Amino acid sequence: KIPACRNSMFVSNNIICCSVGTDVCGLDVNRACSLGGNEDSIVWRLSDAMNKNVQALHVLPQEAFTGPSVLCVGDENGAIKLFDIRQCSNNNNNNNGIVFFHHYCCS
């Protein structure tokens with residue numbers, strides 16, 4: 001598998017990114033800058049977050065909640081999952097999400 005970044009976005013002091021595949025990661029910007037962007041800069045990973053390749057990332061506006069905490073992830077089949085970023089950590093790989101919408105909401 002060739003590493004590639006398909007989508008990324010800044011949220012507070014983190015970069016949320018996805019590659020060609022089904023994983024989504026959160027990287028600490030300060031750690032990445034001081035460590036050269038190696039694996040130690042990843043603060044959380046949602047392994048197999050989606051059933052198909054991740055296509056889109058979006059964080060709901062913080063005005064809707066107490067802060068930027070809800071991550072929307074969409075895959076190439078039109079499925080969408082919402083994740084609570086505050087629950088993401090390498091110790092708690094909750095890849096089920098808090099809400100899952102499936103099949104062609106925007107076909």
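Val11 stands opposite Asn14 of strand β2, and Phe10 stands opposite Ile15 of that strand. In this predicted model, strands β1 and β2 are paired in the antiparallel sense over six bridges. The two strands form a hairpin with two residues between them. Within that turn, Ser12 has a positive phi of about 55°.

Strand β2 (residues 14-19) also pairs with strand β3 (residues 24-28), again antiparallel, through five bridges. Asn14 has Asp28 as its bridge partner in β3, and Cys17 has Cys25. Asn14 therefore recurs on both sides of β2, with Val11 as the residue opposite in one pairing and Asp28 as the partner in the other. The hairpin of β2 and β3 has four residues between the strands, and Gly21 in this hairpin takes a positive phi near 145°.

The residues paired across these strands are collected below.

| Residue | Opposite residue or bridge partner | Strand of the opposite residue or partner |
|---|---|---|
| Val11 | Asn14 | β2 |
| Phe10 | Ile15 | β2 |
| Asn14 | Asp28 | β3 |
| Cys17 | Cys25 | β3 |

These pairings belong to an open sheet of four strands in the order β1-β2-β3-β4, with antiparallel pairing. Its edge strands are β1 (5-11) and β4 (42-46), each of which pairs on one side only. From one strand to the next, the twist averages 20°.

The whole protein contains one helix and eight strands. Read from the N terminus, the order of the elements is β-β-β-α-β-β-β-β-β.

The interior can be described through the nonpolar core. The largest such core has 17 residues, and those with the most contacts inside it are Ile16, Val24, Trp44, Leu57, Leu71 and Val73. Strands β2, β4, β5 and β6 (70-75) each supply at least two residues of this core. The largest share, three residues, comes from β5.

Which residues does Leu57 contact, leaving aside its neighbours within four places in sequence? Its contacts include the core residues Ile16, Val24, Leu71 and Val73. Leu57 is also in contact with Asn7, Ser8 and Met9, as well as with Cys17, Cys18 and Cys72.

For the protein as a whole, buried residues make up 36% of the 107 residues. The exposed area is about 6,400 Å², of which carbon and sulfur atoms supply 51%. Among contacts with a separation of 6 or more, 38% are between residues 24 or more positions apart.

Confidence varies along the model. The mean pLDDT of the protein is 77, and 69% of its residues reach 70 or more. Among the elements, strand β5 (residues 54-59) has the highest mean pLDDT, at 89, whereas strand β8 (residues 99-101) has the lowest, at 67. Where pLDDT is low, the predicted coordinates should not be read in detail.

How values were computed. Residues numbered from 1 in each chain as written. Predicted model: local features only at pLDDT ≥ 70, side-chain atom pairs only at ≥ 80, totals over all residues. Heavy atoms only, no water. pLDDT = per-residue confidence, 0-100. Buried < 20%, exposed > 50% of the residue type's maximum accessible area, 1.4 Å probe, protein only. Contact = heavy atoms within 4.5 Å. Areas by Shrake-Rupley, 256 points an atom, 1.4 Å probe, with all protein chains shown as cover. Pairing = 2+ DSSP bridges. Axes fitted to C-alpha atoms, helices over the stretch in contact; angles between N-to-C directions. Core = buried A, V, L, I, M, F, W, Y, C linked by side-chain atoms within 4.5 Å.
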